[in-house]
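Me: Could you take a close look at one part of this model for me, the nonpolar patch on its surface? I'd like to know which residues make it, and how it sits beside the rest of the chain.

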Amino acid sequence: MANKTSIYNNYFKKQNDLNDEKLHIWLDYTVFSWRWWLGVFMIVCLTVIWLKFRKKESTDRLLYTGFFVAILASFLDMIGDFLGLWDYRYEVFPLTHNYFPWDIFLLPISIMITLQIKPNMNLFIKGIIYAGVSSFIGLPLLTWLDIYKPIKWEYIYSFPILVIIYLAAHYISLRNQFEKV
């Protein structure tokens with residue numbers, strides 16, 4: 001029976017070989033393709049939209065909320081990818097297993113903007129609308145563009161998760177416990 005060190009060494013060698021293969025696929029088929037440019041465009045466009053339409057006096061609070069959403073979405077995407085529930089193709093950056101424009105830009109910025117629209121509206125209704133648009137329009141669009149491939153996942157599964165993410169983001173956005181310097 002092999003010792004633990006050789007088992008881990010074998011695993012990391014296979015992982016490294018797969019990472020090399022992914023990088024070559026990315027260089028040969030992804031970078032500078034129209035789907036790659038779409039991802040870059042989404043990053044730039046969403047950043048410009050947020051900079052233009054954010055409430056300037058709420059920038060810090062919204063960024064705090066956006067970072068929470070980005071970290072949570074990335075973490076959940078890593079879990080889903082690891083479990084083989086879905087896959088992303090045409091990543092903007094080959095070093096990640098998630099779709100950077102979705103996790104780091106689209107979800108956080110769309111939540112930050114949604115939080116500013118009709119701030120007195122019922123937060124559960126806003127969360128349901130947000131999750132519905134993201135789950136039943138956003139994800140199918142990414143699938144149609146062949147960027148997102150659900151394997152053992154249905155769009156409806158994303159709906160309650162996105163409602164919870166929105167509600168958590170709303171809660172975090174209301175925190176005012178920062179120490180004034």
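Reply: Happy to! Met121, Ile125, Ile129, Val133, Phe136, Ile137, Ile156 and Tyr157 make a nonpolar surface patch of about 730 Å². Patch members have over 30% relative accessible area and no salt bridge (a side-chain nitrogen of Lys or Arg within 4 Å of a carboxyl oxygen of Asp or Glu); nonpolar side chains, meaning Val, Leu, Ile, Met, Phe, Trp and Tyr, are joined within 5 Å. Areas come from the Shrake-Rupley method with a 1.4 Å probe, and for residues only the protein chains shown count as cover.

A word on the source: this is a predicted model, where local features need pLDDT of at least 70 and side-chain atom pairs count only at pLDDT 80 or more, while totals for chains, interfaces and linings use all residues. Residues are numbered from 1 along each chain as its sequence is written, and side-chain values use heavy atoms, leaving out hydrogens and water.

Helix H5 (123-144) and helix H6 (155-173) each supply at least two residues of the patch, and H5 gives the most, with five. Helices here are DSSP runs of H or I with at least four residues, strands are E runs of at least two, and both are numbered from the N terminus. Ile125 lies in H5, and its 43% relative accessibility is why Ile125 counts as partly exposed (buried is under 20%, exposed over 50%, partly exposed in between).

Now for the inside. The largest nonpolar core has 35 residues, and Tyr99, Trp102, Leu107, Ile111, Leu142 and Tyr148 have the most contacts inside it. Helix H2 (34-53), helix H3 (59-82), strand E1 (86-88), helix H4 (100-116), H5 and H6 each supply at least two of the core residues, with H4 giving the most, seven. Such a core is a set of buried Ala, Val, Leu, Ile, Met, Phe, Trp, Tyr and Cys residues joined through side-chain atoms within 4.5 Å. So H5 and H6 each supply at least two residues to the patch and at least two to this core.

Tyr148 deserves a look too: leaving aside neighbours within four places in sequence, Tyr148 is in contact (heavy atoms within 4.5 Å) with Trp86, Asp87, Tyr88, Leu139, Leu142, Thr143, Trp153 and Tyr155.

For the wider setting, the protein chain has six helices and two strands, in the pattern α-α-α-β-α-α-β-α. Its accessible surface comes to about 11,700 Å², 69% of which belongs to carbon and sulfur atoms.

Notes
Patches are made of residues with over 30% relative accessible area and no salt bridge: like charges are joined within 9 Å, nonpolar side chains (Val, Leu, Ile, Met, Phe, Trp, Tyr) within 5 Å. Buried means under 20% relative accessible area, exposed over 50%, partly exposed in between (1.4 Å probe, protein chains only).
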